[in-house]
Amino acid sequence: MRFWLLKSEPDVFGFPDLVRVRREPWNGVRNYQARNFLRDMREGDLCLFYHSNARPPGVVGVARVCREAYADDLQFDPASAYFDPKSGVDAPRWSMVDVEPVVAFPGVVPLDALRLMPEWEGSPLTGRGSRLSVVPVEAGAFWATLDAAGLDFGDLSGLS
DNA sequence: GCCAACGTTGGC
DNA sequence: GCCAACGTTGGC
């Protein structure tokens, strides 16, 4: 199993929204590096859910990959902001996965706190100016973050 | 293939 | 709202 981090702006789609809808196609990723990470995801992988453009920015919960990469339908929709005229149905350029909520943190674990954890050293997330919206996370960083939220392995077993 | 211009991200 | 960092675009 691998671990990831997904960024989302809470004003657009936050963790509470994921809890409400129960399952969400993670569409709209239009960066090749992030897309390749989406394609590396396997069913059952766990994702830290990160709120960007929030005060404070940070991790607010855990989600789980419940469907592996498939074509992002918005790339074919001319009405969508994510429409890509250079993509074709025969050779889709952009992918998405489906995710579902696992557990909401009792409180946010802020970016500031992550930066203080040795487990997060060297991550694209904590580096300066990173705009990557899908980030691979080392196991140590994942568990340290869960611990900082006051949770442990047992809190992940009651999958919602 | 270079690189300047431009648009976007996202912390602050 | 500001602006640094970064990715993309497009002229050449």
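1. How far does a polar side-chain atom of tyrosine 50 lie from a phosphate oxygen of DNA strand B? In this predicted model, the separation is 2.6 Å.

2. Two further residues approach the phosphates of the strand through N or O atoms. Asparagine 53 places a backbone N or O atom 3.0 Å from a phosphate oxygen of DNA strand B, whereas arginine 115 uses a polar side-chain atom, which lies 3.2 Å from a phosphate oxygen of that strand.

3. The residues around DNA strand B are Lys7, Tyr50, Ser52, Asn53, Pro57, Leu111, Asp112, Arg115, Ser130 and Arg131. By class, three of them are nonpolar, three polar and four charged. Helix α4 (residues 111–116) supplies the largest share of this surface, with three residues.

4. On the side of the nucleic acid, 70% of the DNA strand B atoms within 4 Å of the protein belong to sugar or phosphate, and the rest belong to bases.

5. The largest pocket holds about 630 Å³ of space. Its lining comprises 20 residues, of which Lys7, Asn27, Gly28, Tyr82 and Ser133 are the closest to the centre. Two or more lining residues come from each of β1 (3–8), α1 (10–13), β2 (24–25) and α3 (32–40). Eight of the lining residues are nonpolar, seven polar and five charged. Lys7 thus deserves notice in both settings: it is listed around DNA strand B and among the residues closest to the pocket centre.

6. An unreviewed UniProt entry carries the annotation "domain: EVE" for residues 2–141. Within the model, this span is 21% helix and 34% strand, and its end C-alpha atoms lie 12 Å apart.

Technical notes. Residues numbered from 1 in each chain as written. Chains lettered and ligands numbered in written order. Predicted model: local features only at pLDDT ≥ 70, side-chain atom pairs only at ≥ 80, totals over all residues. Heavy atoms only, no water. UniProt positions renumbered as here; feature names shortened; annotations may be inferred. Helix = DSSP H or I, 4+ residues; strand = E, 2+ residues; numbered from the N terminus. Near = heavy atom within 4 Å. Polar contact = N/O pair within 3.5 Å; in protein donor to acceptor, adjacent residues only side chain to side chain. Nonpolar A, V, L, I, M, F, W, Y, C, P; charged D, E, K, R; others polar. 1 Å grid on protein atoms, 1.4 Å probe; cavity = no way out; pocket = protein on both sides within 12 Å on 5 of 7 lines; lining within 4 Å. Points joined across faces, edges and corners; volume = space filled by probe spheres on them.
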